[in-house]
Amino acid sequence: QVQLVESGGGLVQAGGSLRLSCTASGITFSRYAMGWYRQAPGKQRELVADISSDSTTNYADSVKNRFTISRDNAKNMVYLEMSSLKPEDTAVYYCRGRRLGYAGVWGQGTLVTVSS
């Protein structure tokens with residue numbers, strides 16, 4: 001079965017750090033572009049960061065210089081290291097995999113709550 005499973009969410013104070021992990025199974029992970037998306041209460045889902053199969057990265061302006069996306073193909077994992085967290089970062093964070101010619105796959109999400 002194709003699965004993406006996120007972990008690492010939780011409650012953190014503003015200014016703190018958190019590391020999210022996404023573990024993939026059932027896909028040829030190294031061939032997928034991976035991304036982190038988030039959906040805050042009352043808002044639409046948005047791209048946070050993505051990383052291509054050749055490890056090229058892209059970030060939303062709102063998280064640039066604070067978040068770092070990385071991948072470990074040997075472990076079929078993608079990470080999102082978050083620092084200098086702000087209350088507006090509070091959201092459910094979703095892992096997503098994309099590959100040309102294949103259906104996209106989404107994880108179930110992990111909740112990140114940043115308190116002020």
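A residue is called buried when its relative accessible area is under 20%, exposed when that area is over 50%, and partly exposed in between. Arg98, with a relative accessible area of 32%, is therefore partly exposed. The model discussed here is predicted, and the same scale of burial serves for the other residues named below.

The overall architecture comes first. The secondary structure of the chain comes to eleven strands and zero helices, so that reading along the sequence gives the pattern β-β-β-β-β-β-β-β-β-β-β. The C-alpha atoms fill a box of roughly 40 × 25 × 25 Å along the principal axes, and the radius of gyration of the chain, 13 Å, agrees with the value near 13 Å that a compact globule of 116 residues would have. Of these 116 residues, 42% count as buried. Among contacts with a separation of 6 or more, 55% are made by residues 24 or more positions apart.

The interior can be followed through the largest nonpolar core, which has 30 residues and in which Trp36, Val78, Leu80, Met82 and Tyr93 have the most contacts. Two or more residues of this core are given by each of S3, S4, strand S5 (46-51), strand S7 (67-72), strand S8 (77-82), S9 and strand S11 (110-115). The largest share, four residues, comes from S3.

Charged side chains add another set of links. Side chains of opposite charge can pair when their charged atoms come close. The count of salt bridges comes to five. Arg38 takes part in a salt bridge with Glu46, where the closest N and O atoms are 2.8 Å apart, and also in one with Asp89, at 2.9 Å from N to O. Because Asp89 lies in the loop between S8 and S9 while Arg38 lies in strand S4, this second pair ties together parts that are 51 residues apart in sequence. Both Asp89 and Arg38 are buried, the relative accessibility of Arg38 being 6%, whereas Glu46, at 34%, counts as partly exposed. Arg38, Glu46 and Asp89 belong, along with Arg66, to a network of salt bridges.

A further salt bridge brings us back to Arg98, whose side chain meets that of Asp50 at 3.3 Å, N to O. Since Asp50 lies in strand S5 and Arg98 in strand S9, the pair ties together parts that are 48 residues apart in sequence. The two partners differ in burial, because Asp50 has a relative accessible area of 13% and is buried, while Arg98, at 32%, is partly exposed.

The aromatic rings complete the picture, with a count of three aromatic pairs. Tyr32 and Tyr102 form one that is tilted, with 6.4 Å from centre to centre and 50 degrees between the planes. This pair links distant parts of the chain, 70 residues apart, with Tyr32 in the loop between strand S3 (18-25) and strand S4 (33-39) and Tyr102 in the loop between strand S9 (91-98) and strand S10 (105-106). Tyr32 is buried, at a relative accessible area of 5%, but Tyr102 counts as partly exposed at 47% relative accessibility. Elsewhere, ring pairs link Tyr37, Tyr94 and Trp106 into a cluster, and one member of that cluster, Tyr94, has Arg45 lying over its face at 3.7 Å from the ring centre. A similar arrangement involves Arg71, which lies over the face of Phe29 at 4.6 Å from the ring centre.

Methods: Residues numbered from 1 in each chain as written. Predicted model: local features only at pLDDT ≥ 70, side-chain atom pairs only at ≥ 80, totals over all residues. Heavy atoms only, no water. Phe/Tyr/Trp six-rings, centres within 6.5 Å; stacked < 30°, edge-to-face > 60°. Buried < 20%, exposed > 50% of the residue type's maximum accessible area, 1.4 Å probe, protein only. Lys NZ or Arg CZ within 6 Å of the ring centre and 35° of its normal. Core = buried A, V, L, I, M, F, W, Y, C linked by side-chain atoms within 4.5 Å. Salt bridge = Lys/Arg side-chain N within 4 Å of Asp/Glu carboxyl O. Rg over C-alpha atoms; globule rule 2.2 N^0.38 Å. Contact = heavy atoms within 4.5 Å.
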